[in-house]
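Colleague: I would like a close look at a single part of this model, followed by an account of how that part sits among its surroundings. Please take your time over the answer.

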Amino acid sequence: MGSFGKYFRNIRNSAGSILDGMAVTLSWMFRRPYTIQYPDRIGRPVQDLIAPRFRGLLEVALPLCTGCQLCQRTCPIEVILVEVKKGADGNRYLTRFDIDVSKCMVCGLCAEACPTGAIRHTREFEMSCDDIRKLVLHYVTEPVLPYKPSARIDAAAVPPVGSIVKRLTRDRHAPYVPYVPVEPPSAEAPPTREGKP
Amino acid sequence: MNVYAQTLMEWLKVPEAYLVYVRIGVFFVYALVALTFGALFAGVTSWYERRVAARMQSRIGPNRVGPQGILQWLCDGVKCFLKEDLVPKEADRPLFRLAPYPVFIGIVSTFVVLPFSATVVGSDLNVGLVYLIAITALVVAGILMAGWSSNSKWTLLGGVRSAAQMVSYEIPLALSLLVVVVPAGTLSLQGLIRFQGGAPWNWLVFQSPMTFVAFFLFFTSALAEGNRTPFDLPEAESELVAGYNTEYSGLRFLFFFFAEWMNLYVIGAIVTAVFLGGWRIPGVAWQRQAGSPLLELVGFALYLAKSLVVVNVIIWLRWTLPRLRIDQLMKMCWKYFVPIGMVSIVLSMLFTALVTAVPLLGRITSIGLLVLGGLIGAALLRRTAYAFSSFPDKPYFKWMV
């Protein structure tokens with residue numbers, strides 16, 4: 001094959017490959033687009049489309065929390081703040097459990113360290129708001145007795161994954177309300193044990 | 001349009017002395033209509049192209065503004081109107097501000113000779129094709145002006161590339177048109193359309209093997225002239241930011257893009273007029289078509305439909321082919337297109353002489369070439385089916401997503 005033949009072969013090859021390429025792009029016109037039209041045209045909640053073990057916002061199931069503060073010590077960037085105080089009745093009370101979402105890098109170390117699985121990742125991720133102070137999630141609103149591993153606990157008392165953080169982030173567009181520190185109960189008011197039947 | 005000026009004068013009983021003014025008025029109205037048509041086309045195409053591109057990349061594309069996002073182009077236009085008209089500090093100010101206009105004028109002026117139907121045409125110049133080639137050369141001037149005056153590396157590279165590319169590709173463009181002019185014996189676009197017939201085997205593409213080659217030659221060269229992918233080196237996004245229009249913003253930026261999308265229609269319309277039978281309706285003589293308004297409308301619809309098919313192919317090509325390198329571009333022009341064009345002209349002359357002697361040969365050639373075109377289409381469909389079957393997806397024919 002001389003250079004003359006090569007010349008025409010080049011023309012034929014380029015025409016054929018252009019046709020091939022056009023066939024490929026045309027075939028995509030008859031396939032379903034993979035775009036998910038988040039947030040308003042997806043048909044079902046976006047959380048259901050996410051992988052089950054997605055590392056979203058952290059949440060704490062207080063009925064399971066022992067107050068061991070392992071998560072606080074594991075966290076490399078001090079996102080978690082846990083406070084346990086002694087009440088007048090001699091019991092230790094959980095008085096503070098804050099997670100600063102604005103700092104959290106969702107590494108998942110805290111969830112791994114937790115002995116009872118109280119702190120866990122959810123599939124929630126919608127946390128945009130206009131005030132960075134709202135990004136600190138306060139899980140303790142009243143003094144809570146920590147969970148004792150020896151105690152039996154009703155599985156129904158543990159809220160489903162995602163329900164707690166969903167409730168906390170529901171009003172994220174409302175004006176900022178300062179957090180009122182929780183104090184352990186004095187002797188007069190008998191404490192409640194969350195999660196106990 | 002002179003016919004309409006004459007009719008208007010008789011209808012209004014205007015004295016003969018005012019003929020010039022009536023003509024100017026009629027032309028003015030026609031220019032407005034043609035410009036509006038071009039502007040609407042450019043706008044809607046900008047949205048349509050994005051939708052098609054999206055589907056070819058398994059996306060959806062703009063579908064929020066208006067039904068299916070059809071008003072997206074209005075939003076983009078308003079956005080550009082409201083933006084600041086920036087001129088870089090070191091730029092050549094007057095030249096920078098002037099540059100979008102030659103580009104725009106170069107594209108819009110083609111509407112003078114581009115017909116819409118049998119009688120609706122700005123002016124049926126007897127040198128229509130020469131005019132087309134000449135007036136589109138203004139675009140090069142504008143792009144080079146923009147590239148030089150911006151005083152930026154990217155724009156200068158874009159401008160110089162554009163000059164090299166467009167000057168080179170004007171030669172195969174003109175050569176491929178000459179191949180068609182030989183059998184038709186006219187340079188006027190309307191004359192070329194009248195020479196053709198409505199039925200596909202009477203089109204100039206299938207007139208002879210040489211015109212068949214010239215069709216592809218012209219189409220490709222026109223793409224290169226219009227800076228369309230795969231020949232978009234002047235504005236290569238991945239290399240030159242945006243090429244010659246990098247420093248532009250606001251309305252002046254819009255002018256460049258306006259011209260680019262209007263150019264889509266211009267390419268489609270020229271290809272349709274010269275090669276694909278223009279506004280001819282199968283089985284109707286052109287004299288009859290020039291007389292009745294209804295037939296003119298049908299002719300316009302046919303013309304538009306054919307142009308839109310060509311525009312679709314251009315869009316399709318853009319999202320298929322990767323950009324050529326500058327040396328490949330030049331090689332393609334000078335080593336392939338120009339020699340093929342020249343040989344085609346000579347062969348076209350010989351063939352025209354032969355067909356004049358043996359008319360049956362012309363008919364057989366036309367039918368044969370039509371079959372060849374069909375075979376190419378069938379090959380494309382077969383390959384599409386193959387490409388489709390290689391993917392485990394169900395067919396999905398819903399385009400309104």
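Colleague: Where does α14(B) bend, by about how many degrees, and which proline follows within four residues?

Modeller: Please keep in mind throughout that this is a predicted model. The bend in α14(B) falls at B:Phe337 and amounts to about 30°, and the proline that follows within four residues is B:Pro339. Helix α14 of chain B covers residues 326-357, and its length can be checked by simple reasoning: at 1.5 Å a residue, its 32 residues should span 46 Å, and because the end C-alpha atoms lie 45 Å apart, the two values agree.

The residue at the bend also belongs to the buried part of the helix, since B:Phe337 is listed among the buried residues of α14(B). Together with B:Phe337, the buried residues are B:Leu329, B:Met332, B:Cys333, B:Ile340, B:Gly341, B:Ser344, B:Ser348 and B:Phe351. An α-helix has 3.6 residues a turn, so residues three or four places apart point the same way. As for what these buried residues meet, they pack against two other helices of chain B, namely α7 (153-184) and α9 (209-225).

To place the helix within its chain, it helps to turn to the domains. Chain B is assigned a domain 1 that runs over 1-82 and a domain 2 that runs over 85-389, and the centres of these two domains, taken over C-alpha atoms, are separated by 20 Å. Where the two domains touch, 17 residues come from domain 1 of chain B and 17 residues from domain 2 of chain B. On the domain 1 side of this contact, α2 (19-56) and α3 (72-82) of chain B each supply at least two residues, and α2(B) gives the most, with twelve residues. By class, that same side of domain 1 has twelve nonpolar, four polar and one charged residues.

A second buried position in chain B can be followed residue by residue. B:Val139 is found in helix α6 (residues 128-149) of chain B, and B:Val139 counts as buried because it has 23 C-beta neighbours inside 10 Å, where 20 or more are required. Leaving aside neighbours within four places in sequence, B:Val139 is in contact with B:Pro102, B:Val103, B:Gly106 and B:Ile107. The C-alpha atoms of B:Val139 and B:Ala99 are separated by 9.5 Å, although these residues stand 40 residues apart along the chain.

Chain B also meets chain A, in a contact that takes 22 residues from chain B and 20 residues from chain A. On the side of chain A that touches chain B there are twelve nonpolar, five polar and three charged residues.

Chain A itself has five helices and five strands, which follow the pattern α-α-β-α-β-β-α-β-β-α along the sequence. A compact globule of 197 residues would have a radius of gyration near 16 Å, but the value for chain A is 28 Å, and its C-alpha trace spans about 105 × 35 × 30 Å along its principal axes. Chain A is divided into domain 1 (1-31) and domain 2 (46-168), whose centres, taken over C-alpha atoms, are separated by 60 Å. Of the 197 residues of chain A, 24% count as buried.

Note on methods: Residues are numbered from 1 along each chain as its sequence is written. Chains are lettered from A and ligands numbered from 1 in the order in which they are written. This is a predicted model: local features need pLDDT of at least 70, side-chain atom pairs count only at pLDDT 80 or more; totals for chains, interfaces and linings use all residues. Domain bounds come from an automatic or database domain assignment. Two residues are in contact if their C-beta atoms, placed from the backbone, lie within 7 Å. Ala, Val, Leu, Ile, Met, Phe, Trp, Tyr, Cys and Pro count as nonpolar, Asp, Glu, Lys and Arg as charged, and the others, Gly among them, as polar. The expected span of a helix is 1.5 Å times one less than its number of residues. The bend at a residue is the angle between axes fitted to the seven residues ending there and the seven starting there. A residue is buried if 20 or more other C-beta atoms lie within 10 Å of its own, exposed if 12 or fewer, and partly exposed in between; C-beta atoms are placed from the backbone. The radius of gyration is taken over C-alpha atoms; the globule rule is 2.2 Å times the number of residues to the power 0.38.
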